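Let's take a friendly look at how charged side chains pair up in a protein, and at one residue that makes a good starting point. Have the picture open while you read.

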Amino acid sequence: MRWPDGVTCPRCGSREVTRLSTRKKWQCKACRYQFSVTAGTIFHKTYVDLPRWMMALWLMCHSPKGISSKQLERELGVTYKTAWYMTHRIRQAMIADRAEVRLSGVVEIDDAVVRADGGKATGNVLHGAKNVIGLTSRDTGALRMVVVENLQRQEIRRVVFNNLGTVRHIMSDATSRYDFLGQIAPHSFVAHYIAWAEDGVHTGFIENAWSLFKRGLVGIFHHVSAKYLQDYLDEFCFRYSHRHEKPRLMDLVLASC
Ligand SMILES: [Zn+2]
């Protein structure tokens, strides 16, 4: 499945390869590189066998709320350290998937505070509280959540420009920080203190995604450090964006190459 048109050297792209039958490997005639089918993928140079990797992928893609390293440790019979490493590698492949597609059509934007590091508080200071901007397309169901330094216009602008494609209409709440969106696309907003939705203008889709994510954070992962919060958001967005599709396991495997 990795090389539908014939084995190709992952290093130089040459098709001139020799099979080393005794070692389940190939050698490139052009650059002499010896490689296996997992070379350059997330499975490369690990002591975990491929059936376990496939099970880990399946569990991470198909559990509606995701799966913790602790659960994976139990399911696969590997050490916690190995399970942690596997979940992080799989998340990297999910990030690769994310980079490809931009949101289009009718898009909702909203922000939320996510408590990483278990949300511990010292006095009045809440540690690990991060601002996150969320965007979702009503047309495709695709979702993005991006950790930002602050909620100033410049940061919001950066996220919007990095993630939006052809937008027909953009919707937000009535917060003034979203005023500038009208310069990018037709923009409507709803003042939540007046009504939840007016004439189809609402941010219900993105709010639904927030509540799902926050429940998952509390119920499954317990303690997500601020350092890895973006990775967890990417994983969540991957599953959420593809929730109506057939299993994309092999796409994910191949995206990791
Ligand atoms: Zn080569």
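Is His88 buried or exposed? This is a predicted model, and in it His88 has a relative accessibility of just 8%, so it counts as buried. After a stop at His88, we'll go through some of the 8 salt bridges that the structure holds.

**Around His88**
- You'll find His88 in helix α3, which covers residues 80-98.
- Leaving aside residues up to four places away in sequence, His88 touches Tyr228, Asp231 and Tyr232.
- The cut-off for buried is under 20% relative accessible area, so His88, at 8%, counts as buried.

**Salt bridges inside a helix**
- Lys70 pairs up with Glu73 in a salt bridge, and their closest N and O atoms are 3.1 Å apart.
- Both Lys70 and Glu73 sit in helix α2 (residues 69-76), where they are 3 residues apart, or about one turn of the helix.
- Lys70 is partly exposed, its relative accessible area being 43%.
- Arg158 and Glu155 make another salt bridge through their side chains, at 3.0 Å from N to O.
- Arg158 and Glu155 are separated by about one helical turn because they are 3 residues apart in helix α4 (residues 153-163).
- What about their accessibility? Glu155 counts as buried at 14%, whereas Arg158 counts as partly exposed at 37%.

**A network with shared partners**
- Arg91, Glu235 and Arg239 are joined into one network by salt bridges that share partners.

**A salt bridge between a loop and a strand**
- Asp139 forms a salt bridge with Arg168, and here the closest N and O atoms are 3.2 Å apart.
- Which parts does this pair tie together? Asp139 lies in the loop between β7 (129-137) and β8 (143-148), while Arg168 lies in strand β9 (residues 164-173), so the pair links parts that are 29 residues apart in sequence.
- Asp139 has 42% relative accessibility, so it counts as partly exposed.
- Arg168 comes in at 52% relative accessibility, so it counts as exposed.
- The cut-off for exposed is over 50%, which is why 52% puts Arg168 in that group.

Technical notes:
Residues are numbered from 1 along each chain as its sequence is written. This is a predicted model: local features need pLDDT of at least 70, side-chain atom pairs count only at pLDDT 80 or more; totals for chains, interfaces and linings use all residues. Side-chain values use heavy atoms; hydrogens and water are left out. A salt bridge is a side-chain nitrogen of Lys or Arg within 4 Å of a carboxyl oxygen of Asp or Glu. Helices (H or I, at least four residues) and strands (E, at least two) are DSSP runs, numbered from the N terminus. Buried means under 20% relative accessible area, exposed over 50%, partly exposed in between (1.4 Å probe, protein chains only). Contact means heavy atoms within 4.5 Å.
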